[in-house]
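This report describes the fold, cores and selected contacts of one protein chain. Please consult the sequence and the structure shown here.

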Amino acid sequence: MTAPVESARPSRLGGVVDPVLRVLGGVISVVAALLTAALELLFATLRVGGVLIGLSVLIAIVANLALSWFAQQTVGAKWALALPSIPWFAAMVLAAGGTAEGDVLLSGKNWVGIVTIFVGVTVFTVVAFRLVLAPRR
């Protein structure tokens, strides 16, 4: 004879931990978006032999795809894509805007910065479009 199997009941702790982990995932998504935006701004002026290279464009593609996936998986909702995309875009707009003294992090003369913003926004847009078209589970 086999012993009766006890049914798996969710613990009370699981009901508290899940929402906390989801909120923590959202916070990490926002912070990571700001950190990757800073990293992309840092590499936007990187030159090899006096020529701009597009390393920040590659970082924007990879990081924004990863941030999109992470936010959706940890928060568990389609709207979670806004958590990394809005702060990332805000950081890029602020970097391109400059200060009253005329200091700018991304100038119009830097093709890498412009392409980084375009590609980063495009990645978030494509992911959002695919989420909208995805069938419900």
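What percentage of the 137 residues of the protein chain count as buried? The share is 30%, where buried means under 20% relative accessible area, exposed over 50% and partly exposed in between, with a 1.4 Å probe and protein chains only.

## Basis of the model

The model is predicted: local features need pLDDT of at least 70 and side-chain atom pairs count only at pLDDT 80 or more, whereas totals for chains, interfaces and linings use all residues. Residues are numbered from 1 along each chain as its sequence is written, and side-chain values use heavy atoms, with hydrogens and water left out.

## Overall architecture

The protein chain contains 4 helices and 2 strands, arranged from the N terminus as α-β-β-α-α-α. These elements are DSSP runs numbered from the N terminus (helices: H or I, at least four residues; strands: E, at least two).

Contacts are heavy atoms within 4.5 Å. Of those in the protein chain with a separation of 6 or more, 72% join residues 24 or more positions apart. The chain exposes about 9,300 Å², and carbon and sulfur atoms supply 72% of this area, as computed by the Shrake-Rupley method with a 1.4 Å probe; for residues, only the protein chains shown count as cover.

## Nonpolar cores

A nonpolar core is a set of buried Ala, Val, Leu, Ile, Met, Phe, Trp, Tyr and Cys residues joined through side-chain atoms within 4.5 Å. The largest has 14 residues, of which Ala-37, Leu-41, Leu-81, Trp-88, Met-92 and Leu-106 touch the most other members. At least two residues of this core come from each of helix H1 (12–43), helix H3 (82–97) and helix H4 (111–133); H3 gives the largest share, 4 residues. Apart from this core lies another, of 5 residues, including Leu-52, Val-112, Val-119 and Val-123.

Leaving aside residues up to four places away in sequence, Met-92 touches Ala-37, Glu-40, Leu-41, Leu-106, Thr-116 and Ile-117. On the same basis, Thr-36 touches Ala-63, Leu-67 and Trp-88. Thr-36 belongs to helix H1 and is buried, because its relative accessible area is 15%.

## Helices H3 and H4

The 16 residues of H3 reach 22 Å from first C-alpha to last, close to the 22 Å expected at 1.5 Å a residue; the expected span is 1.5 Å times one less than the number of residues. The buried residues in H3 are Pro-84, Ser-85, Pro-87, Trp-88, Ala-91, Met-92 and Ala-95. Ser-85 counts as buried because its relative accessibility is 16%, and a polar atom of its side chain lies 3.0 Å from the backbone oxygen of Leu-81. After H3 comes Gly-98, with a positive phi near 85°.

H4 has 23 residues, so a span of 33 Å is expected, and its end C-alpha atoms are indeed 33 Å apart. Its buried residues are Val-112, Gly-113, Thr-116, Val-119, Gly-120, Val-123, Phe-124, Val-127 and Leu-131. At the N-terminal end of H4, Asn-110 acts as a cap, with a side-chain oxygen 3.0 Å from the backbone nitrogen of Val-112.

## Salt bridge

The count is 1 salt bridge, defined as a side-chain nitrogen of Lys or Arg within 4 Å of a carboxyl oxygen of Asp or Glu. Asp-18 pairs with Arg-22, the closest N and O atoms being 3.0 Å apart. Both residues lie in helix H1, 4 residues apart, about one turn of the helix. Asp-18 is partly exposed, because its relative accessible area is 36%; Arg-22 is also partly exposed, with a value of 33%.

Key: A polar contact is a pair of N or O atoms within 3.5 Å; within protein, one must be able to donate a hydrogen and the other to accept it, and residues adjacent in sequence count only if both atoms are side-chain atoms.
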